[in-house]
Amino acid sequence: MYEKTFPNKRFQHTLSFLEKHIAKDEPILDLGVENPFSTIMKEHGFSVENTGGEDLDLDYSSVQKSTAGVVTAFEIFEHLIAPFNVLREIKAKKLVASIPMRLWFSTAYKSKTDPWDRHYHEFEDWQFDWLLEKSGWEIKDRAKWTNPVKKIGIRPLLRSFTPRYYIVYAERPANYLKAHL
């Protein structure tokens, strides 16, 4: 069903990575409101609860109250001013998160119609790794992929071989959980 339409390459890579690391019986808290990918996760047998649309820069209550063992965050952290804060508050032991990577040949994304749909951060992979490590996560696996577009030009050509998306699987060390939560 999702194989033939954009953004399916991203969805296919994300789902494969998620299935590689997370068992279908592990409850998931997905940061952000219900979306097309949280629906895909449910259709593939995952138990998923979403946050309620609160501003995660200011309100961490949904991650603090959650008993889910896994938190997913697919293209969320670039929209936050201070993603470190919510990452630190997560009580789950596992995290699967993806970001659009900063592209040297393109400016940060900003919607022309939606004032909330913009990227405050576009990370390089090492910056995202550092953010996760500094907020108490140990990265266990990572992957990148490109996002070619069917257009003609220099930027579309660059997109065919420059990685656009970065995904990580991380865990909380046992000593972090005891000391901080």
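So, the right-handed β-α-β unit: here that's strand S3, residues 70-74, then helix H4, residues 83-89, then strand S4, residues 94-100. Keep in mind that we're looking at a predicted model.

Let's stay with S4 for a bit. On one side, S3 and S4 pair in the parallel sense, with 5 bridges between them. If you want a spot to click on, take Thr72, whose bridge partner in S4 is Val96. Then there's strand S6, residues 165-171, and that pairing is antiparallel, with 7 bridges joining S6 to S4. Val96 turns up again here, standing opposite Tyr169 in S6. So how many of the 7 residues in S4 are buried? It's 6, so call the strand mostly covered.

Okay, on to the aromatics. The count for the model is 5 aromatic pairs. One of them is Phe11 with Phe37, a tilted pair, 5.4 Å centre to centre and 45° between the planes. Why bother with that pair? Well, Phe11 sits in helix H1, residues 8-21, and Phe37 sits in helix H2, residues 36-43, so the contact ties together parts that are 26 residues apart in sequence. And are those two rings' residues buried or exposed? Both Phe11 and Phe37 are buried.

There's a third ring to add: Phe74 joins Phe11 and Phe37 in a cluster linked by ring pairs. Now look back at where we started, because S3 covers residues 70-74 by the DSSP runs, and that puts Phe74 of the cluster in S3.

That's what I had, so have a look at Val96 and the Phe cluster on the screen.

Note on methods: Residues are numbered from 1 along each chain as its sequence is written. This is a predicted model: local features need pLDDT of at least 70, side-chain atom pairs count only at pLDDT 80 or more; totals for chains, interfaces and linings use all residues. Side-chain values use heavy atoms; hydrogens and water are left out. Rings of Phe, Tyr and Trp (its six-membered ring) pair if their centres lie within 6.5 Å; planes under 30 degrees apart count as stacked, over 60 as edge-to-face and the rest as tilted. Helices (H or I, at least four residues) and strands (E, at least two) are DSSP runs, numbered from the N terminus. Buried means under 20% relative accessible area, exposed over 50%, partly exposed in between (1.4 Å probe, protein chains only). Two strands pair if DSSP finds at least two bridges between them. A crossover is right-handed if, with the strands pointing away from the viewer, the path from the first strand over the helix to the second runs clockwise.
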